[in-house]
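Walk through this model one feature at a time. Keep the structure open and follow each stop in turn.

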Amino acid sequence: VQLQASGGGLVQAGGSLRLSCVASGRIFRVFEMGWYRQAPGKQRDFVARISTSGYPNYSDSVKGRFTISRDNAANTVYLEMNSLKVEDTAVYYCKAEISQTVLAGYRDYWGQGTQVTVSS
């Protein structure tokens, strides 16, 4: 199983970016999907998650500015980021809970990260 994240880049404060993350490989079912971020010298922090049925949950720091969504048929999760701030600068990682067979439980898989840089 692989998670491929994309969509990062350099944007001015107040701008927008849309991140995507596709899960591929031997997949039976994808459960919760989410995004985390890690700024230089800091720990990796939760940003947003979305359940299989589409129920979202956000960290307080991004609530009202970011929107998480998913396409279950394509095993893809998105993060629409609006009103970006300098403090949103970080490497963004996607995570997915995936089971590979009908009998197996799920485990966490992480993407490789995509850099988001917000300039003032």
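A residue counts as buried when its relative accessible area is under 20%, as exposed when that value is over 50%, and as partly exposed in between. The model is predicted. With the cut-off in hand, start at Asp88.

Asp88 sits in the loop between strand 8 and strand 9. Is Asp88 buried or exposed? Its relative accessibility is 0%, so Asp88 counts as buried. Two arginines meet its side chain. The side chain of Arg37 makes a polar contact with that of Asp88 at 2.9 Å. The side chain of Arg65 makes another polar contact with Asp88, at 2.7 Å. Leaving out residues up to four places away in sequence, Asp88 touches Arg37, Arg65, Phe66, Ser83, Val116 and Val118.

Ser83, one of those neighbours, lies in the loop between strand 8 and strand 9. Its backbone deserves a look. Most residues other than glycine have a negative phi. Ser83 has a positive phi, near 50 degrees. Ser83 is partly exposed, because its relative accessibility of 42% falls between the two cut-offs.

Now look at Asn75. Asn75 is not a glycine, yet its phi is positive, at about 50 degrees. Asn75 is placed in the loop between strand 7 (66-71) and strand 8. At 22% relative accessibility, Asn75 counts as partly exposed.

Strand 8 itself comes next. It spans residues 76-81 and holds Glu80. Glu80 has a relative accessible area of 29%, so it is partly exposed. Which residues does Glu80 touch, not counting those up to four places away in sequence? They are Leu17, Arg18, Arg65, Phe66 and Thr67. Arg18 is 62 residues from Glu80 along the chain, but the C-alpha atoms of the two are separated by 4.5 Å. Arg65 and Phe66 are already familiar: both also touch Asp88.

Turn to the cysteines. A disulfide is a covalent bond between the sulfur atoms of two cysteines. How many disulfides does the model have? The count comes to one. The disulfide joins Cys21 to Cys94, with an S to S distance of 2.0 Å. Cys21 lies in strand 3 (residues 17-24) and Cys94 in strand 9 (residues 90-99), so the pair ties together parts that are 73 residues apart in sequence. The torsion about the S-S bond is about 55 degrees, so this disulfide is right-handed. Cys21 is buried, because its relative accessibility is 0%. Cys94 is buried too, with a relative accessible area of 0%.

The last stop is the largest pocket. Its volume is about 160 Å³. The lining is made of 13 residues, and those nearest the centre are Arg37, Ala39, Lys42, Asp45 and Glu87. Arg37 has appeared before, as a polar partner of the Asp88 side chain. Which strands each supply at least two residues of the lining? Strand 4 (29-38) and strand 5 (44-50) do. Strand 5 gives the most, with three residues. By type, the lining divides into four nonpolar, five polar and four charged residues.

Go back over the links. Arg37 belongs to the pocket lining and contacts the buried Asp88. Arg65 touches Asp88 and also touches Glu80.

Definitions and conventions. Residues numbered from 1 in each chain as written. Predicted model: local features only at pLDDT ≥ 70, side-chain atom pairs only at ≥ 80, totals over all residues. Heavy atoms only, no water. 1 Å grid on protein atoms, 1.4 Å probe; cavity = no way out; pocket = protein on both sides within 12 Å on 5 of 7 lines; lining within 4 Å. Points joined across faces, edges and corners; volume = space filled by probe spheres on them. Helix = DSSP H or I, 4+ residues; strand = E, 2+ residues; numbered from the N terminus. Nonpolar A, V, L, I, M, F, W, Y, C, P; charged D, E, K, R; others polar. Disulfide = S-S within 2.5 Å. Buried < 20%, exposed > 50% of the residue type's maximum accessible area, 1.4 Å probe, protein only. Contact = heavy atoms within 4.5 Å. Polar contact = N/O pair within 3.5 Å; in protein donor to acceptor, adjacent residues only side chain to side chain.
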